[in-house]
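Here is a short set of exercises to work through with the model open beside you. Try each task before you read its solution.

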Amino acid sequence: MEVFQALQRLHMIIFSQNVSPCGKFLAAGNNYGQIAIFSLSAALSSEAKEESKKPMVTFQAHDGPVYSMVSTDRHLLSAGDGEVKAWLWAEILKKGCKELWRRQPPYRTSLEVPEINALLLVPKENSLILAGGDCQLHTMDLETGTFTRALWGHTDYIHCLALRERSPEVLSGGEDGAVRLWDLRTAKEVQTIEVYKHEECSRPHNGRWIGCLATDSDWMVCGGGPALTLWHLRSSTPTTIFPMRAPQKHVTFYQDLILSAGQGRCVNQWQLSGELKAQVPGSSPGLLSLSLNQQPAAPECKVLTAAGNSCRVDVFTNLGYRAFSLSF
């Protein structure tokens, strides 16, 4: 059994992370369908021991990988192959990990079980958007659990979603190389940016896929096969090409910086002008997700966490260095 667990940890991939509503706990989902809950407050304590960096609870959430997670005020929502599940945070923290409900989007055939790569909460309409292997964005009403609409446009599977908070619009990026902007009021696609068709962004040897995107008002940053690029959305114009050869898998705006991660061990910190401010190494050979804990209820747990191709979640108490790692 110990040999099996050691091999499992050796080949582990952590696809997703999410911070609890109180800000004191971190959920991490891996390629074996497990979700581990770590106590950030215990791990960051001055009296922390090695045991504090292990999961307080681990449970089997899905049969396949846990590709994405988000949290409402009360629930942890997790996505795997073909379905999304809900778990009560209050019960998880009591180590009672029983699913509250599960939903499957209306797929074209009963034999279709596409992965759900991305989840996105839309607080103003109390809904959840799911996207992945069937090339559609599905909207689910969180109050009733019913699927209310499907948005068609992508011609290959979708990797990532982002919300423009000031307007009811959602951005999606996928394997087809397009970033599409959707108006949730009309359920229509209102803008398409085919990143790979712009010569300054194109990197044909890496492919055309869009693996990450983030938005801040009229600005968007996206990357993947094409170069990591800052765009002005209103004019559909690339304004900054970041000089990073390795494909990026996660990107986010943070204060006056852009943080990105992907192939390689480092979390990259970029000035908006394109200057690389810092590269902070972590313990994983490749990174798939970054999580910024900015919950106002737990300022003492304000950290950046990074995870990917290992069983470890790196914790950065400031952006300058890795403080320690949590481990499955």
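**Warm-up: a charge over a ring**

R208 lies over the face of Y196, 4.1 Å from the ring centre. The rule asks for NZ of Lys or CZ of Arg within 6 Å of the ring centre and within 35 degrees of the ring normal.

Before you go on, note that this is a predicted model, in which local features need pLDDT of at least 70 and side-chain atom pairs count only at pLDDT 80 or more, while totals for chains, interfaces and linings use all residues. Residues are numbered from 1 along each chain as its sequence is written, and side-chain values use heavy atoms, with hydrogens and water left out.

**Exercise 1: an aromatic pair**

Task: Find F38, decide whether F38 is buried or exposed, and describe its pairing with F328.

Solution:
1. Locate F38 in strand β3, residues 34-39. Helices (H or I, at least four residues) and strands (E, at least two) are DSSP runs, numbered from the N terminus.
2. Check the cover: F38 has a relative accessible area of 0% and is therefore buried. Buried means under 20% relative accessible area, exposed over 50%, and partly exposed in between (1.4 Å probe, protein chains only).
3. List the contacts, meaning heavy atoms within 4.5 Å. Leaving aside neighbours within four places in sequence, F38 touches residues including K24, F25, P55, L326 and F328.
4. Apply the ring rule: rings of Phe, Tyr and Trp (its six-membered ring) pair if their centres lie within 6.5 Å; planes under 30 degrees apart count as stacked, over 60 as edge-to-face and the rest as tilted. The count comes to four aromatic pairs. One of them is F38 with F328, edge-to-face, at 6.1 Å centre to centre and 85° between the planes.
5. Place the partners: F38 is in strand β3 and F328 in the segment after β28 (324-327), so the pair ties together parts 290 residues apart in sequence. Both F38 and F328 are buried.

**Exercise 2: a salt-bridge network**

Task: Which residues are linked with K85 in a network of salt bridges?

Solution:
1. Start from the rule: a side-chain nitrogen of Lys or Arg within 4 Å of a carboxyl oxygen of Asp or Glu. The whole structure has 13 salt bridges.
2. Look at E83 and K85, whose closest N and O atoms are 3.8 Å apart. Both E83 and K85 are buried.
3. Move to E99, which meets K85 at 3.4 Å, N to O. E99 lies in the loop between α3 (89-93) and β8 (101-103) and K85 in strand β7 (residues 84-88), so this bridge joins parts 14 residues apart in sequence.
4. Compare the cover: E99 is partly exposed at 26% relative accessible area, whereas K85 is buried at 7%.
5. Put it together: E83, K85, E99 and R102 form the network.

**Exercise 3: a bridge and two loops**

Task: Where do A187 and S217 lie, and how far apart are the closest N and O atoms of R185 and D183?

Solution:
1. R185 and D183 form a salt bridge at 3.0 Å. R185 is exposed at 60% relative accessibility, but D183 is buried at 9%.
2. A187 sits in the loop between β15 (178-183) and β16 (188-194). A187 is not a glycine, yet has a positive phi of about 55°.
3. S217 belongs to the loop between β17 (210-216) and β18 (219-224). Phi of S217 is also positive, near 60°.
4. As for cover, A187 is partly exposed at 32%, and S217 is partly exposed at 29%.
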